[in-house]
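User: I'd like to talk through this model and hear what backs up each description. Can you take me through it?

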Amino acid sequence: MLLTITLADIIHSIDTWLNQTLSPNLALAAELVLGGLAIIGLVIVMAIVMVYAERKIAGFMQMRYGPNRVGKWGSLQAVADVLKLFMKECLTPKNADKLMFAIAPFLVTAVSFMTFAPMSFAPGVQFWDINIGVFYIASVSSLSVIGILMAGWASNNKYALLGAMRSGAQIVSYELSSGLSLITIVLMVGSLSVKDIIMSQGDLWWIFKGHIPAVVAFVVYIIASTAELNRAPFDLAEAEQELTAGFHTEYSGMQFAMFFLSEYCNLFVLSMLAATVFLGGWMPFHIPGLEVFNHLMDYIPGVVWFFGKTFAIIFLIMWFRWTFPRLRIDQLLKLEWKYLLPVSIVNMVIAAIITLMNWFL
Amino acid sequence: MKSIFNYYKSIFLALRSLWQGMKLTGYYFSHPKKMLVQPYPENRDTLVIPSRFKGNLTLIHDAENLHACTACGICEINCPNGTIKILSKMEEQEDGKKKKVLDKWVYHMGLCTFCGLCVDACPSDAIAFDNTFEHSAYKSTTLNKVLNNPGSKLKSTVK
């Protein structure tokens, strides 16, 4: 039966074949290289898919077509853009800090690739099952602000510096409420490991099981992660009308493409994290008591569930981007410190009470 | 107490207004038939241009190749960009009088902003905009046009 072959079986057979043909150390090295290539391939394919989806969604929401010339329905537009960026020259401004200017895009991209390590894509498919998985993703993904500040500082451009400073203020403040909303679910699970969080949602996902605190935490997390991604309505860091392009004003060619890639990579990672923590990761949709329905849901592979949920959240964030106008910087900070943070602290206390009393569905 | 109530009320009002905006864009997203944009080169044959669209400037000629331009030059004076040049000549009429008639109605489309002041100013409604809009050309000199047809004459009804 073809349907019963899962992604975990394929990975397992590759693992056994490598261990038979090579010595254990060489096999481990080969697996590390293969894993890295798989992640890079996944990210590039997903970034191209997301750029195309974003432009199409933007078009349809603004009552126009979006790209529709290159390939069938413009499907090769993103590929053509990547080829164009490959051929462009990477310019460096005359008085820029050359080393920092060159390192910044690599740092941002490397950080966003690192967050893939503890992700679980399908049953048994995970690179690194650490006991602090969610904490690792949250902390590593917030490192990208260093790269952004480096890019803004090294560019020797007032717009780039202003954009980078805004981005710093924004990411540092919104880290708090996104972390607190993740902690709400972590409290209920009792573990930071991504695998444990997914396994605890076998009967029902946390957004349904966790009563109102889980729903509030989900809303807060979506708002805060949109702000962390520097996407509209929180795209002050690259507000076109005020700052031309923010921290990547001076970048061109592949250096610009790497910022672009890391932006979409971060969008993908934060959506994956939201899907894992709130919507059950690769866990199918189960309703306690309905055996036939649960068995039917089990036939859909875990990969489909996982990417389906991830793309649902990505669509939601894109929907925000093409609906809401941009906030001012004071409104942005007011939203975080006067609304999201108090709400998520109160929410966390309620979640702690629910956990102590064991009032789950 | 009232301030706490207002705080939570403001959150709910904000969420409601955000949802209203998302409902509208979601409606546009799910109804692609309502698209405003025309897929232009494909639907060139069925394309409908509104009749008030200011396309190409034309000097109206009727079936007998007669136009209504008296070469008074009011359009030339009214044009803010110097787009129009009316070249007139003196022609002897049948009754022996000399009269100014139109020789060439020169129109430089490259300078035109399609403001329509010439059409508004014309006392005898000799000129009008039609619906054509495909003006692209390889040379700027292609855009310099003479609007009156060769051999065209002034209508007898127009004084």
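**Chain B and its partner**

Analyst: Sure, and bear in mind that this is a predicted model. Between them, chain B and chain A bury about 1,800 Å², with carbon and sulfur atoms making up 76% of that. On the chain B side, B:Met22, B:Phe29 and B:Met35 lose the most area to chain A, together 34% of what that side buries.

User: How do you know that residues of chain B are in contact with chain A, and how many are there?

Analyst: Contact takes heavy atoms within 4.5 Å. By that test, 19 residues of chain B touch 18 residues of chain A.

User: What makes chain B something other than a compact globule?

Analyst: Its radius of gyration. For 159 residues, the compact-globule rule gives a value near 15 Å, but chain B comes out at 27 Å. Its C-alpha trace spans about 100 × 40 × 30 Å along the principal axes.

User: What share of chain B is called buried, and why?

Analyst: A residue counts as buried when its relative accessible area is under 20%. In chain B, 25% of the 159 residues meet that. The chain exposes about 11,300 Å², and 58% of this comes from carbon and sulfur atoms.

User: Which helices and strands does chain B have, and in what pattern?

Analyst: Three helices and seven strands, running α-β-β-α-β-β-α-β-β-β along the sequence. Of the chain B contacts with a separation of 6 or more, 69% join residues 24 or more positions apart.

Notes: Residues are numbered from 1 along each chain as its sequence is written. Chains are lettered from A and ligands numbered from 1 in the order in which they are written. This is a predicted model: local features need pLDDT of at least 70, side-chain atom pairs count only at pLDDT 80 or more; totals for chains, interfaces and linings use all residues. Side-chain values use heavy atoms; hydrogens and water are left out. Helices (H or I, at least four residues) and strands (E, at least two) are DSSP runs, numbered from the N terminus. The radius of gyration is taken over C-alpha atoms; the globule rule is 2.2 Å times the number of residues to the power 0.38. Buried means under 20% relative accessible area, exposed over 50%, partly exposed in between (1.4 Å probe, protein chains only). Accessible areas come from the Shrake-Rupley method with a 1.4 Å probe; for residues, only the protein chains shown count as cover. Buried area is the accessible area (1.4 Å probe) that two parts lose on being put together, summed over both.
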